[in-house]
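User: I've got a model open and I'd like to go through the labels people put on it. Can you walk me through the reasoning behind them?

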Amino acid sequence: MAREPARAAFFVLCVVRRGDAFLLVEERGHGGGWYVPAGRVEPGEELVEAARRETLEEAGLAIAIDGILRVEHTPRPDGTRVRVVFAARPADPQAMPRETANEHTLGARFLTLDQIRHLPLRGAEVVDMLEAVAAGAPVAPLSMLTGEGAPWRAPGV
């Protein structure tokens, strides 16, 4: 007898840093508040592309992804939730995020940790995440993400 497929939902979060400031978006949904650009990965979409798309949609900013900060895997009775947290920077160092509302967010800004601590946040994890990055949290290379069947390569090859 065939087993029912396991349900899984994949999400991406982007910690976009420019100097001592981090990119936050003011949420339109999810109860409001400020959060890092984030969202669900669409069927057939690669994780890195989803991270770029979500940041562009929510903040109006193209990004360069530097690596992976963390992969979170949360099994639940009704399925599994996976979140990949990326470290990124603006693709154009001079580019500014969109400060006006659209269908995704109410706007976006680069803010320092001191400024962020005084904002209504979507959750306390925002400050924890950004403090860890500011303190030098390790960033794994993007090569950690690969499709099934990709060739294995030794470091430096």
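**The pocket and its lining**

Analyst: Sure. The largest pocket is lined by 19 residues, and those nearest its centre are Glu27, His30, Ala38, Gly39 and Arg122. Keep in mind that this is a predicted model.

User: What makes a residue part of the lining of a pocket?

Analyst: Lining residues have an atom within 4 Å of a pocket point. For the largest pocket, 19 residues make the list, and the space inside comes to about 270 Å³.

User: Which helices and strands each supply at least two residues of that lining?

Analyst: Strand S1 (8-18), strand S4 (38-40), helix H1 (47-59) and strand S6 (79-90) each do.

User: How does the lining of the largest pocket split by class?

Analyst: You get 9 charged, 5 polar and 5 nonpolar residues. Gly counts as polar and Ala as nonpolar in this scheme.

**Buried or exposed**

User: Why is Thr55 called buried?

Analyst: Buried means under 20% relative accessible area. Thr55 has 0% relative accessibility, so the label buried applies. Thr55 lies in helix H1. Leaving out residues up to four places away in sequence, Thr55 touches Cys14, Val16, Leu23, Pro37, Gly60, Leu61 and Ile63.

User: And what about Phe11, why does that one count as buried?

Analyst: The cut-off is under 20%, and Phe11 has a relative accessible area of 16%, so Phe11 is buried. Phe11 lies in strand S1. Among the residues Phe11 touches, not counting those up to four places away in sequence, are Gly39, Arg40, Val41 and Arg81. Phe11 and Ala50 are 39 residues apart in sequence, with 8.4 Å from C-alpha to C-alpha.

User: Why does Pro151 count as exposed?

Analyst: Exposed means over 50%. Pro151 has 57% relative accessibility and therefore counts as exposed. Pro151 is in the segment after helix H3 (125-134). From Pro151 to Glu125 there are 26 residues in sequence and 36 Å in space, C-alpha to C-alpha.

User: Why is Ala154 only called partly exposed?

Analyst: Partly exposed is what lies between the 20% and 50% cut-offs. Ala154 has a relative accessible area of 44%, so Ala154 is partly exposed. Ala154 also lies in the segment after H3. C-alpha to C-alpha, Ala154 and Leu13 are 29 Å apart in space, and 141 residues apart in sequence.

**The whole chain**

User: How do you know that the radius of gyration agrees with a compact globule?

Analyst: With 157 residues, the globule rule gives a radius of gyration near 15 Å; the chain has 17 Å, which agrees. The C-alpha trace spans about 55 × 40 × 25 Å along its principal axes.

User: How many helices and strands are there, and what pattern do they follow along the sequence?

Analyst: There are 3 helices and 7 strands. Read along the sequence, the pattern goes β-β-β-β-α-β-β-β-α-α.

User: What share of contacts joins residues at least 24 apart?

Analyst: A contact needs heavy atoms within 4.5 Å. Of the contacts between residues at least 6 apart in sequence, 67% join residues at least 24 apart.

User: What share of the chain counts as buried, and how much area does the chain expose?

Analyst: Of the 157 residues, 39% count as buried, which rests on the under 20% cut-off. The chain exposes about 9600 Å², with carbon and sulfur atoms supplying 54% of that area.

Note on methods. Residues numbered from 1 in each chain as written. Predicted model: local features only at pLDDT ≥ 70, side-chain atom pairs only at ≥ 80, totals over all residues. Heavy atoms only, no water. 1 Å grid on protein atoms, 1.4 Å probe; cavity = no way out; pocket = protein on both sides within 12 Å on 5 of 7 lines; lining within 4 Å. Points joined across faces, edges and corners; volume = space filled by probe spheres on them. Helix = DSSP H or I, 4+ residues; strand = E, 2+ residues; numbered from the N terminus. Rg over C-alpha atoms; globule rule 2.2 N^0.38 Å. Buried < 20%, exposed > 50% of the residue type's maximum accessible area, 1.4 Å probe, protein only. Areas by Shrake-Rupley, 256 points an atom, 1.4 Å probe, with all protein chains shown as cover.
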